[in-house]
Every structure is written in C-alpha cells, then in structure tokens.
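Me: Please take a close look at a single part of this chain. Set it in the context of the whole.

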Amino acid sequence: MSTSERNFARRIDLTSLQLFVAVCELGSIGRAAEREFIAASAISKRLSDLEATLGTTLLYRHARGVDLSPAGESLLHHARSVLYSLEKMQGELSEYAEGVRGHVRVHANISAIVQFLPEDLGAFTREHDAIKIDLEEHLSNEVVRAVQEGAADLGICHIPDGTNELQTLPYRHDRLVLIAPAGHPLTATQGPIDFAASLDFDHVGLHTNSSIYVAMHQAALEAGRSVRLRIHVTGLDAMCRMIDNGLGVGVMPQRAFELLQAGIGSRLRSVTLNDAWSRREIRLAARDFSTLPVAARTLVNHLHTPAAAAEPLAA
C-alpha cells in the first residue's frame with residue numbers, strides 16, 4: 001500500500017460510513033438519526049466531513065430527503081462491501097475465541113458439491129473439528145473469479161480454458177451422461193451415443209453459464225445444430241424431476257445421477273456419451289497454495305490425495 005493509500009484509509013471514519021449507508025437506505029438524514037439513535041445534526045456534520053475528505057458531493061439534499069450523486073452511488077457500493085467484510089471478520093474472530101482454530105472459505109461448483117465434497121469434508125471435519133469451513137456453491141467461472149479476487153481461499157471446480165493466474169491441483173474426475181426416462185428412444189441403444197443424437201429432443205438444462213451447458217452448446221454448434229432447451233433449472237435434483245415428468249432429456253455427472261437415483265426409483269436411465277468433453281477433471285484452485293493459511297493448506301492436503309490425483313478419466 002502506497003503512502004497516499006495509507007493516508008486515505010486513515011482519513012475514512014467507519015462510523016461515518018455506517019451512517020452514510022443508513023442515510024442512503026432510508027433516504028433521509030432524519031430517519032437515519034432515529035434508527036441509529038444519534039442527532040440528525042451530528043449525522044449531517046459527519047456526512048459533510050466525509051464529502052470534504054473525499055473532495056466530492058455524495059448526497060443531494062432537498063426538502064423530501066436526500067438523493068445519491070454518482071460519487072455517492074459508488075461510495076455506497078464500496079461502503080457496503082467494507083462493512084460486510086468487517087462483519088465477517090468480527091464473526092470469524094469471535095469463533096476463534098470460542099475454540100475454532102482455523103477458518104477456510106471454499107467456493108465449489110455443483111458437480112463437486114453433489115458428488116464428492118459431502119464425504120470428503122465430513123471426513124475432514126471429523127479429523128479437524130476445530131477448523132471451520134464456509135462452503136458456497138457457484139458456477140465454475142464464478143469460483144475462479146472468487147479465488148482470483150480473494151473472496152475464497154480455495155476453489156473446487158472445472159477450470160475454464162485460459163485460466164493461467166491460479167495454481168491448480170487435481171481433485172477428482174467425473175463423467176457426464178445423458179439422462180432420459182426409461183423407454184425413451186435414446187435409452188434403447190446398448191452402447192454409448194454421440195451427444196448430437198440428443199439434439200432431436202427437448203432438453204432440461206442448467207444455467208447457461210454452467211460448464212455443462214457451455215459444453216453442450218459448443219458441441220451443438222460444432223454439429224451445426226442447436227440445443228432445444230425447454231427449461232432451465234438450478235439443481236441436478238430438479239433436473240431429474242423435470243426429466244421424470246416428461247419435459248425432456250438432460251446431461252449431468254454420472255455419479256450425481258447415481259446418488260440421486262434412489263429418490264426417483266428406476267424410472268430414469270443414464271446413457272454414456274462418446275464425446276470427449278463428457279470426461280472431465282475437477283481441480284483445486286488457489287492464488288498460491290504455499291501462502292494459504294495453515295488451516296487451508298491442511299484442507300488442500302486432505303483433498304489432494306495421491307489416489308484422487310492418480311484416478312484416471314473414465315474411458
């Protein structure tokens with residue numbers, strides 16, 4: 001941090017930021033004063049001092065209340081981010097006082113969360129019960145961005161092509177299969193099929209930015225076709241239910257389907273895909289594994305097992 005940046009940080013008062021956010025949320029200095037139990041004149045003075053520090057107008061004051069200036073809108077975004085980070089810091093530090101000895105922020109995609117992480121994280125917490133893991137589900141590209149920006153210590157996902165800023169390690173392999181109702185024409189074959197054969201039928205798909213849908217879309221383009229997408233869903237269990245009720249066919253990881261199949265009986269079938277993109281690798285990602293906190297490195301060592309790293313892609 002440069003000298004000018006340090007000086008700027010010292011001039012910003014957190015209480016003034018909190019009051020600024022309150023005024024913005026309520027649209028009035030008076031209402032903010034009532035909620036925050038502080039005199040309206042004191043809030044007005046703090047806001048004026050904040051504007052003087054920043055050298056720009058943050059609020060347009062009028063008889064009905066206040067409106068944000070363009071600079072005020074920008075500050076509101078950053079102020080909320082700073083205050084949220086402080087709340088998280090307070091929460092994490094209070095947990096250390098209660099016995100937690102480590103905190104790891106993990107972002108992972110749905111394939112990793114459904115197929116592998118419940119068992120792996122369960123085993124980890126039984127061995128390291130003083131380490132707390134915050135796990136959030138995101139699309140693979142969002143996982144990568146969170147790690148790059150420092151919002152997550154560790155990412156677990158399919159790493160998009162061209163991602164060179166992060167260090168990665170093998171975690172698991174999975175295989176995508178086509179899911180269709182029993183008796184569907186695509187389930188009649190005795191062997192694998194090309195994904196292109198499914199393009200004559202309606203599809204139940206995940207989010208358009210998901211790694212699975214992106215691969216499907218690219219495969220359809222290469223075949224000179226398009227995916228007949230009938231409905232988007234946000235989860236693999238919802239996909240199975242939609243397929244089970246005749247809304248189309250879908251593509252999902254094989255192990256995820258096997259885990260979910262108990263809830264849908266034998267009404268759905270999986271069909272192996274010939275396509276090379278159906279065989280995938282899930283990787284661990286960090287900005288620098290060597291600089292991770294001890295708790296995060298301990299988790300990486302648990303997840304990056306020799307067996308997992310050596311596991312071959314399904315043929």
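Reply: The whole chain comes first, then one helix and one serine.

This is a predicted model: local features need pLDDT of at least 70, side-chain atom pairs count only at pLDDT 80 or more, and totals for chains, interfaces and linings use all residues. Residues are numbered from 1 along each chain as its sequence is written, and side-chain values use heavy atoms, with hydrogens and water left out.

The protein chain holds 13 helices and 11 strands. These are DSSP runs, numbered from the N terminus: helices are H or I, at least four residues, and strands are E, at least two. The C-alpha trace spans about 80 × 45 × 35 Å along its principal axes. Of the 315 residues, 41% are buried (under 20% relative accessible area, with a 1.4 Å probe and protein chains only).

Now helix H7, residues 117-127. Its buried residues are Leu-117, Asp-120, Leu-121, Gly-122 and Phe-124. An α-helix has 3.6 residues a turn, so residues three or four places apart point the same way. The cover over the buried residues of H7 includes strands E3 (102-108), E4 (131-137), E5 (154-157) and E6 (167-181). Helices H6 (110-115) and H12 (294-303) also belong to that cover.

E6 leads on to the serine. Ser-198 sits in the loop between E6 and strand E7 (203-205). Ser-198 is buried, at 1% relative accessible area. Leaving out residues up to four places away in sequence, Ser-198 touches Leu-178, Leu-186 and His-203 (contact means heavy atoms within 4.5 Å). A polar atom of the Ser-198 side chain lies 2.7 Å from the backbone oxygen of Phe-195.

Note on methods. Buried < 20%, exposed > 50% of the residue type's maximum accessible area, 1.4 Å probe, protein only. Polar contact = N/O pair within 3.5 Å; in protein donor to acceptor, adjacent residues only side chain to side chain.
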